[in-house]
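Trainee: I have a model open and some questions about its strands and contacts. Can we take them one at a time?

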Protein chains: 2
Amino acid sequence: MLKEERFNHILTLIKKKGKANYESLAGELNVSEDTIRRDIESLHTNGLLLKVRGGALSLSKNPLSFQDRTRYQSEEKNIIALKTLQLIREGQTVFMDGGSTNCAVASHLPANSRFRLVTNNMALVPVISTFRHIELIVLGGIYDRETAANTGGQTCSEAAKYIADLYLMGTCALQKDLGISAVFQSDGEVKQQMLKNSAKTYALANNAKLNATEYYKVCELKEIKGLVTDLPANDPRLDDFRGLGIRLI
Amino acid sequence: MLKEERFNHILTLIKKKGKANYESLAGELNVSEDTIRRDIESLHTNGLLLKVRGGALSLSKNPLSFQDRTRYQSEEKNIIALKTLQLIREGQTVFMDGGSTNCAVASHLPANSRFRLVTNNMALVPVISTFRHIELIVLGGIYDRETAANTGGQTCSEAAKYIADLYLMGTCALQKDLGISAVFQSDGEVKQQMLKNSAKTYALANNAKLNATEYYKVCELKEIKGLVTDLPANDPRLDDFRGLGIRLI
DNA sequence: TGCGAATTTGCATAATATTGCAAAATAGTA
DNA sequence: TACTATTTTGCAATATTATGCAAATTCGCA
């Protein structure tokens, strides 16, 4: 039996029952518990389930994240969000800009998250305000209805005042040679400022954004530390982005 | 049964009944009271419930999302809001600061309102974003969960960049001799900056705020142009504020 | 202040995870 | 096809975590 078949079996079970344990899976699939454990480990790091001591749970049963995320989020974004969570460390200062992927990340945060968030994304405010231990710093500016984010020179100059450990760059277009590009100049400029002031930048993008370009160039691919997508790290659609020194997550 | 499943059980019960005790949970889940105790301890440190002697309670201070907050409007605030609307003219630049009274004003605006709004009040953002012709400028800063407004030096210095025709000053304490005062210094400082940069300032206050003082002095009464309350203009409770050269609305 | 109940702490036991390693399976290549 | 390199899998030794029990401590209340 192929590993992928086991993955499917595990995910189906989790979807149906909401949970799974090593022993019965090992029996059903006729492999050792160690193998199942490694499978679940792998599915966990790919954001497809929640690994807990003794087995695994479906993401919707995670008792430590209390946001209602069922409404507006696609499965792709949930996967990206789960993978992204592993990048955020306690005590860090984190930039997050516009885009619903960043909202998905916020809604998956564990309830006791403790870090400082600097953002121009107004959609994040109601979500983050429920986390008592997250210090929220809002970057002001001209509010854009389309993206629910603040933009303009004011936003850039405010962003310039903060230095972050991590920047989670919201959905944008990526292309091997032309780098990262944005639909709006004002958005792109904020991205550039945040990139400049962060130790590490990770781009968050679903597979539709790979090999796409928009008109405003934000940066080269090599300027970012990593790329978080909804694809497994070994997916051929990511081949274009290998060997550039960026981490594929 | 996985630990996380117990967590979910406990949280569901708490959500439904508002409380839970060790003994019955231990029975239902078939584990010792110690385990339940440790579960509740863990949920408590994650901020998902309130641990008390003998069991747990749901968090009384349910973090309201600001949609909820803006929905909550007393009759008094509606009266103030409707009176305030007539002060706003097309094409003006208007400052609005924190407080639910300003939310009430925003929610009563006519659909075709056309002006520029500058605010540090995050609760206004979702309300105003539905108005196509209102240009919204957000003042950034440190987000305060209590008031859903941005505060701090950053907010003040941003406010200083704009000059408004009108400033609608949110609920605060007013007293004939001691003037207007605020509960938080950071809030008071923003108010002072907005006051300074506005041609006209109107204070919005329900009758409970009249003849009250707080510790941080914002300004003298004579510095404002008018006072909007839920009382009729001839109400005797407003007598203290007559003859000071301020308009009573 | 003193009593009983609730809670914390330390500890033993059992369950679960991690790690290193070797055998087996698979893929890649000449 | 045969051979090597790589990955996957199972296993054993070790570390970690969860759980229940009992003793010690704290707390609430009369």
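Trainee: Which residue in β11(A) is the bridge partner of Leu174(A)?

Mentor: Bear in mind that this is a predicted model. Three bridges join β10(A) to β11(A), residues 179-182, and the two run antiparallel. Across that pairing, the partner of Leu174(A) is Ile180(A).

Trainee: Which are the edge strands of the open sheet β10-β11-β13 in chain A?

Mentor: The sheet has three strands, paired antiparallel in that order. An edge strand here pairs on one side only. That gives β10 (173-175) and β13 (216-219) of chain A.

Trainee: Which helix packs on this sheet?

Mentor: Its neighbouring strands are turned by 35° against each other on average, direction ignored. The helix touches β11 and β13 of chain A, and its direction makes about 10° with that of β13(A). It spans residues 185-196 of chain A and is α8.

Trainee: Which element gives the most to the side of chain B that touches chain A?

Mentor: The contact takes 29 residues from each of chains A and B. On the chain B side, α1, α4, β6 and β7 each give two or more residues. With six residues, the top contributor is α1(B).

Trainee: Which residue in β7(B) stands opposite Ile137(A)?

Mentor: Strand β6 of chain A, residues 134-138, runs antiparallel to β7(B), with two bridges between them. Opposite Ile137(A) stands Ile142(B).

Trainee: How many charged residues does the surface near DNA strand D have?

Mentor: Both chains surround the strand, with Lys3(A), Arg53(A), Lys3(B) and Arg53(B) among the residues. By class, two are nonpolar and four polar. The charged residues number six.

Technical notes:
Residues are numbered from 1 along each chain as its sequence is written. Chains are lettered from A and ligands numbered from 1 in the order in which they are written. This is a predicted model: local features need pLDDT of at least 70, side-chain atom pairs count only at pLDDT 80 or more; totals for chains, interfaces and linings use all residues. Two residues are in contact if their C-beta atoms, placed from the backbone, lie within 7 Å. Helices (H or I, at least four residues) and strands (E, at least two) are DSSP runs, numbered from the N terminus. Two strands pair if DSSP finds at least two bridges between them. A residue is near a molecule or strand if its C-beta atom, placed from the backbone, lies within 6 Å of it. Ala, Val, Leu, Ile, Met, Phe, Trp, Tyr, Cys and Pro count as nonpolar, Asp, Glu, Lys and Arg as charged, and the others, Gly among them, as polar. Axes are lines fitted to C-alpha atoms, for helices over the stretch in contact, and angles run from 0 to 180 degrees between N-to-C directions.
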